[in-house]
Amino acid sequence: MMMKKLFACVILCALCVSSGFTLRCPWIDQKFKQYSEETVKLLDNMVKNSTNTSIELDLAFPHHMYERASKAPAEEKLGFLVQVLNEVFALFEEDHTDAHWDEKKVNDFLNVLSRQAAELNACVTARSHMKHKNLHHYFQRLSSNVLELKNHSSEAWEITRKEVKVHLLNVDLVASALVPII
């Protein structure tokens, strides 16, 4: 009788794992927090001269997308996080020469961000790679706002940097829900 129960438990566990009930992503478990903290630190430290901003971007932060992502299954969460990191990477690859930033720290930031996205991407299956169009449109509008404010380019990039910091902090919050409690 005990063997039947043990066999049933093994079968149930195998079904749960194969159905995506659990998610195994060593990067989330071991390194994500460290790299996440490093990206925020680099983002904070890349500024050479702080500028007071007298402009505002006409763009609301997409809190609802992060709320939805936090309630999604683990693989969808990961897909969302990968997309955010890739969108931030694309944004910072644009011409930001008007920003008063330390170029080495910007490059370090991009390298760490790229590593995070690649490692998380390795944990995501093809079906959870669906693109969140609203998130992509948000980052396109953020980029367009910077371009539209050419006369205030340094200020626009500074606002963008601060906006990206809020994204990275939200990414960290969503990712923390994926780390198993020990």
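The expected span of a helix is 1.5 Å times one less than its number of residues. The exercises below apply to a predicted model.

**Exercise 1.** Work out what span the 20 residues of H5 should have, and compare it with the distance between its end C-alpha atoms.

*Solution.* Begin with the rise of 1.5 Å a residue, from which the 20 residues of H5 should span 28 Å. Then take the end C-alpha atoms of H5, which lie 29 Å apart, so that the expected and the modelled values agree.

**Exercise 2.** Determine how far H5 is covered, and what H5 gives to the largest nonpolar core.

*Solution.* Count first the residues of H5 under 20% relative accessible area, the cut-off for buried; 14 of the 20 residues pass, and the helix is therefore mostly covered. Turn next to the largest nonpolar core, which holds 48 residues, and in which Phe92, Phe109 and Leu120 touch the most other members. At least two residues of this core come from each of several helices, including H5 (74-93), H6 (103-121) and H8 (153-176), and H5 gives the most, with nine residues.

**Exercise 3.** Identify which residues Phe92 touches, leaving aside those up to four places away in sequence.

*Solution.* With those sequence neighbours set aside, Phe92 touches Leu43, Met46, Trp101, Phe109, Leu110, Arg161 and Val164.

**Exercise 4.** Describe the secondary structure of the protein chain and the sequence separation of its contacts.

*Solution.* The secondary structure comprises eight helices and zero strands. Among contacts with a separation of 6 or more, 89% join residues 24 or more positions apart.

Terms used: Residues are numbered from 1 along each chain as its sequence is written. This is a predicted model: local features need pLDDT of at least 70, side-chain atom pairs count only at pLDDT 80 or more; totals for chains, interfaces and linings use all residues. Side-chain values use heavy atoms; hydrogens and water are left out. A nonpolar core is a set of buried Ala, Val, Leu, Ile, Met, Phe, Trp, Tyr and Cys residues joined through side-chain atoms within 4.5 Å. Buried means under 20% relative accessible area, exposed over 50%, partly exposed in between (1.4 Å probe, protein chains only). Helices (H or I, at least four residues) and strands (E, at least two) are DSSP runs, numbered from the N terminus. Contact means heavy atoms within 4.5 Å.
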